[in-house]
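User: Could you take a close look at the aromatic side chains here and the surface around them? I'd like one connected walk-through.

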Amino acid sequence: LVSESVFEAFAKELETQIEALGERRTCRMIHAAHARRVRSLLEKQEDYARPPLPEPTTDDNTCVPVTLLIAPAVDSPVMQEEIFGPLLPLIKVSGMKEAIEFVRKRPKPLVTYCYSPDPQAWEAFRLDTSSG
């Protein structure tokens with residue numbers, strides 16, 4: 001969840017950093033079945049993927065590329081399941097209140113993080129959301 005005031009710049013910087021990884025963009029999963037599950041979350045997400053998804057290779061069936069998903073549908077599998085892989089969905093929100101509402105309206109996540117320069121945002125997120 002990213003504030004709309006910094007969303008475009010944040011997404012562009014992450015995309016630039018991922019592109020800078022070059023061949024190291026690909027992450028090895030623990031086993032092929034897990035890689036298949038994570039890759040399946042990318043199905044029908046090509047329009048949201050940044051950088052664009054690389055062509056699949058048969059070299060190693062345990063690898064998945066680090067990929068941003070810009071504003072995927074909230075009812076898509078990538079937004080409904082725990083990912084456990086190098087996929088990062090970015091959802092634009094108007095501010096902290098909307099971010100907290102977004103988290104609270106869904107099943108409890110395993111973990112939440114709040115990255116903000118504002119300590120009051122950290123406190124609000126810590127007090128008003130639940131994870132674990």
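Analyst: Happy to help; below is a walk from the ring pair out to the surface patch, with the cysteines at the end. Keep in mind that this is a predicted model.

Let's begin with the rings. The structure holds one aromatic pair. Its partners are Y113 and Y115, whose ring centres lie 6.1 Å apart with planes at 15°, so the pair is stacked; the cut-off for stacking is planes under 30 degrees apart. Both tyrosines face outward by the numbers: Y113 is exposed at 56% relative accessible area, and Y115 is exposed too, at 74%.

Those two tyrosines also belong to a wider feature. Together with F84, L110 and V111, Y113 and Y115 make up a nonpolar patch on the surface, and the five share about 640 Å² of accessible area. Within this patch, L110 is found in the loop that runs between helix 4 (96-104) and helix 5 (119-128). L110 counts as partly exposed, because its relative accessibility is 45% and that class lies between 20% and 50%.

Another aromatic ring has a charged partner: the charged end of R106 sits over the ring of F102, at 3.7 Å from the ring centre.

Finally, the cysteines. The structure holds zero disulfides. For C63, the closest cysteine sulfur is that of C27, and at 8.2 Å it is too far for a bond, since a disulfide needs the sulfur atoms within 2.5 Å. C63 counts as buried at 17% relative accessibility, whereas C114 counts as partly exposed at 25%.

Key
Residues are numbered from 1 along each chain as its sequence is written. This is a predicted model: local features need pLDDT of at least 70, side-chain atom pairs count only at pLDDT 80 or more; totals for chains, interfaces and linings use all residues. Side-chain values use heavy atoms; hydrogens and water are left out. Rings of Phe, Tyr and Trp (its six-membered ring) pair if their centres lie within 6.5 Å; planes under 30 degrees apart count as stacked, over 60 as edge-to-face and the rest as tilted. Buried means under 20% relative accessible area, exposed over 50%, partly exposed in between (1.4 Å probe, protein chains only). A charge sits over a ring if NZ of Lys or CZ of Arg is within 6 Å of the ring centre and within 35 degrees of the ring normal. Patches are made of residues with over 30% relative accessible area and no salt bridge: like charges are joined within 9 Å, nonpolar side chains (Val, Leu, Ile, Met, Phe, Trp, Tyr) within 5 Å. Accessible areas come from the Shrake-Rupley method with a 1.4 Å probe; for residues, only the protein chains shown count as cover. A salt bridge is a side-chain nitrogen of Lys or Arg within 4 Å of a carboxyl oxygen of Asp or Glu. Helices (H or I, at least four residues) and strands (E, at least two) are DSSP runs, numbered from the N terminus.
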